[in-house]
Amino acid sequence: MSGATPHEIKEEFVKSKMGIAGILILAILLFISIVAIIFIPVETFQEWNNPGNWISNPKSAMPTWANFFMIENIPEHKILEHPNIERTSNEEISLVSHQFGVNYIYDDFPNDFIYEFSARYSGAPLLQMSVIRPDGMKLDIFSTSLPQSDSSSTHSERIFSTDSQIIKNLSFDSKKFEFATFRLSAENIIFSKTNTNEPLKGNYVFSIDLYGMNSTNQIPESKLIIGGKAFGIMGTDELRRDLATGLLWGTPLALFIGLAVSIASVVMGLLYGVYAGYKGKKTDEAMMRFNDVIYALPALPFLIILSVTISNSIFVMVGFLMIFGWVGIAKVSRSMSLQIKTRGYVDAANMMGQKDSKIILKHIVPQLLPYAFASVAISVPAAITTEAGLSFLGLGDPSFPTWGQILHDANTFGAAARGLWWWIMPPGVMIAITGLAFVFIGNALDAIINPKLKR
Amino acid sequence: MKKYIATRMATMFGVLMITLLITISLVGSNMDTILKQGVVFQIRSEITENPAIAQSFSSVAEFEGFIQTQIEHRIKEIGLDEPWYSPQRVGMTMYKIMLLDFGNATFLTSDEGSSDVRDILFEKLPRTVLLFTTATIIISIIGIFLGALSSNRVGSTVDRITSSFAIISSSFPVWWIGMLMIFLFAFTYQIFPARATPDISASDSGYIGSLLYHMALPLITIVMIGFGSWAYMVRNFMVGTMQEDFIMAKKTIGIKQGRITYVHALKNAAPPIVTVLALSLSGSLGGAIITEAVFDWPGMGRLYFEAITVMDLPVIIGATYLLTVFFLVSIFIADLLYGYFDPRVRTEK
């Protein structure tokens, strides 16, 4: 215990490199949280466990930036949503044409392609899909007539590259290729050089034509997905979820869990300990025995049993973590308050007939505040890792994508065995960085409060 | 001193009872359902084994009625008709548990196929001790040595590296590093096996070698993450001691710095270090749940995890009890050691 004033502490803290680093990391994390809350709608993370929401993403795709380190360029997953729309009509037939341009520069074939559309029409228009390759060759991919309808109606469909008609259509063009196209999948033919079965780089134009009798026919939703092996900033997992979303949303969740648990347990422990120390005698004895009981409970087994039998909601979990968090702080603040209460001004306040609660809150607690702040910072990482550990065991709140949850999924799907490093590394690094920020701040504060350690 | 030990022991016993009570009350209602299902199953199989009973009844309804009365009779006989929270039953359960009679596991069995919870627990316990106690001992040796070394040269490169390594490693979850180690050294570079369970039977001659080989990766991981914070802690204790007057006095007499550090200061910093050692030895048993699950090490931690996933209540209760006992015993020992090493505590009362 030192008599450092808040001003001195602040001045010392600014001088400590470690403290500054901690504050900087924390600021970045807060910024990430704000970005996540503002830019990623809450609905996205509530849909985290809904596979339908992620259908247009690729499976276990690595981050796109990984291409910088690769000898071969891995195809990026492309979701094309803004086609060039052309509309031509003569007296009888009207044509709506959507054209998607793709600059294909990768050394591997795409995984697949999907055309997702919903058309508004009347009658039975004809939908045709074709591609013009960089070498000028035109391949007809697909044609179908949409279901007959007399009045104006909407039809939605997904055309997959595995469609048997596509494979049949391509087999008509097999003479254009110098190798056997038999048994090759559609994307391996469309994106192939003619002489060998290697990807042909260049600009491809996919066009989708809707022929109909009615000039009001249109395709309001039109999306071409070229399935790749790389996606987004952080890649995707086995369930096609965009890991960037999960990681970003994990930040405010982790900060919430860490701060809520540590602040609440420090406040609880501080008041409990100070009260016990100040009161002394029987009260102190009884309160400390109770403290011993909680201290001796094995925390992790109990947390597991509690989350299995009572509830695994994230808020209840915060409460459980608090139960085990306040004990150590209560012990230390008791011994500190034992020292403080012997000081003259506490005696004086007592003589003046001030209430116990006032003496505790006005004269003792403020003395312990530096210690309290340091304890908050130091106990945050433990709270975060414990929650992550519980989630990792599959006992976390399934409705929130915490980092532990992501790691749990990674472990379930054998990410380590399959070399999906982008699924394992980032969540752990985020947990560690968050922990580090608070450890830095806590240690910097600790060094100021306990000058002995510095020397 | 006697009074000190007596209060300690009383508290420990109280804690043990409270832990048991909480555990039982958390899983009690589930436990009841499972036990009743067990009785129904038992009666039905007894009756099917004896076809003469079934033949002596004329109608199906009558036969079913007979089975029902039999079940009710049996439930009453073993006292299941009272709710689990009745004092008699709670007392009975706690008495049994204290005598290490945990009953039979619902799903899990030991490697030899026994479903007695005690057999299962005592089969897994030595393995956890083998891995985690070894790790803790290695960690503490490295930690004490490094800590003393860096306290000797505060501010030197060794000190700075130790301190920063301690701070960094303490914020990484061990199990995550475990995942990375498996990813790196079991799959990318295939040096160690990914699953830590030895794949040959215990009677085989190469079993010990295989066990050690499988143990290597988890052991390295735990030691790597653990020793930093130990070194840092020892350093901080030592730095505190080194500023005491008696050390200054020894320096002025002219005793060598090395001797002061490793003999005089270390001896004085011993009480807290020994306390932490005792605590972390037992903590290593309980805190192993996640690490064992990652490495698939067939010890107490993984058993606990498996029991939780299939809700095998007798195993959960048994394991919790055992972990608590170990934890309490080590707290007790730590307290005693503290008193032994620190004369101020010994003579206090």
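This briefing covers the two chains, their sheets, their helix packing and their contact.

The model is predicted: local features need pLDDT of at least 70, side-chain atom pairs count only at pLDDT 80 or more, and totals for chains, interfaces and linings use all residues. Residues are numbered from 1 along each chain as its sequence is written, while chains are lettered from A and ligands numbered from 1 in the order in which they are written. Chain A has 14 helices and 9 strands. Chain B has 15 helices and 0 strands. Helices (H or I, at least four residues) and strands (E, at least two) are DSSP runs, numbered from the N terminus.

**Chain dimensions**

- Chain A has a radius of gyration of 32 Å, against a value near 23 Å for a compact globule of 455 residues.
- The radius is taken over C-alpha atoms, and the globule rule is 2.2 Å times the number of residues to the power 0.38.
- The C-alpha atoms of chain A fill a box of roughly 105 × 50 × 40 Å along the principal axes.
- Chain B has a radius of gyration of 27 Å, where a compact globule of 349 residues would have one near 20 Å.
- The C-alpha trace of chain B spans about 105 × 60 × 35 Å along its principal axes.

**Five-stranded sheet of chain A**

- An open sheet of 5 strands runs in the order β2-β3-β8-β5-β6 (chain A), with antiparallel pairing.
- Its edge strands are β2 and β6 (138-145) of chain A, each pairing on one side only.
- Neighbouring strands of this sheet are turned by 20° against each other on average, direction ignored.
- Two strands pair if DSSP finds at least two bridges between them.
- Strands β2 (residues 84-89) and β3 (residues 94-104) of chain A run antiparallel and are joined by 6 bridges.
- A hairpin of 4 residues links β2(A) to β3(A).
- R87(A) has V96(A) in β3(A) as its bridge partner.
- β3(A) also runs antiparallel to strand β8 (residues 202-212) of chain A, with 11 bridges between them.
- In that strand, N203(A) is the bridge partner of N103(A).
- On to the next pair: strand β5 (residues 126-132) of chain A meets β8(A) over 7 bridges, in the antiparallel sense.
- L127(A) stands opposite L210(A) in β8(A).

**Four-stranded sheet of chain A**

- An open sheet of 4 strands has the order β1-β9-β4-β7 (chain A), again with antiparallel pairing.
- The edge strands are β1 (78-80) and β7 (149-160) of chain A, and each pairs on one side only.
- The twist averages 10° from one strand to the next.
- Strands β4 (residues 112-123) and β9 (residues 218-227) of chain A run antiparallel and share 8 bridges.
- E116(A) stands opposite K223(A) in β9(A).

**Helix packing**

- Two packed helices are described by the angle between their axes and the distance between the axes.
- Axes are lines fitted to C-alpha atoms, for helices over the stretch in contact, and angles run from 0 to 180 degrees between N-to-C directions.
- In chain A, helix α6 (residues 243-279) packs with α7(A) at an angle of about 145°, the axes lying 6 Å apart.
- Y272(A), A276(A), G277(A) and K279(A) of α6(A) meet K281(A), T283(A), D284(A), M287(A) and M288(A) of α7(A).
- By class, that contact has 4 nonpolar, 2 polar and 3 charged residues.
- Ala, Val, Leu, Ile, Met, Phe, Trp, Tyr, Cys and Pro count as nonpolar, Asp, Glu, Lys and Arg as charged, and the others, Gly among them, as polar.
- In chain B, the axes of helix α5 (residues 117-152) and helix α6 (residues 157-170) come within 8 Å and cross at roughly 130°.
- That crossing makes α5(B) oblique to α6(B).
- Angles under 35 degrees count as roughly parallel, over 145 as roughly antiparallel, 65 to 115 as roughly perpendicular and the rest as oblique.
- L146(B), L149(B) and S150(B) in α5(B) meet V158(B), D159(B) and T162(B) in α6(B).
- The α5(B) contact with α6(B) has 3 nonpolar, 2 polar and 1 charged residues.

**Contact between the chains**

- The contact takes 35 residues from chain A and 42 residues from chain B.
- Residues are in contact if their C-beta atoms, placed from the backbone, lie within 7 Å.
- α14(A) gives the most to the side of chain A that touches chain B, with 9 residues.
- By class, this side of chain A has 23 nonpolar, 8 polar and 4 charged residues.

Key. Contact = placed C-beta atoms within 7 Å.
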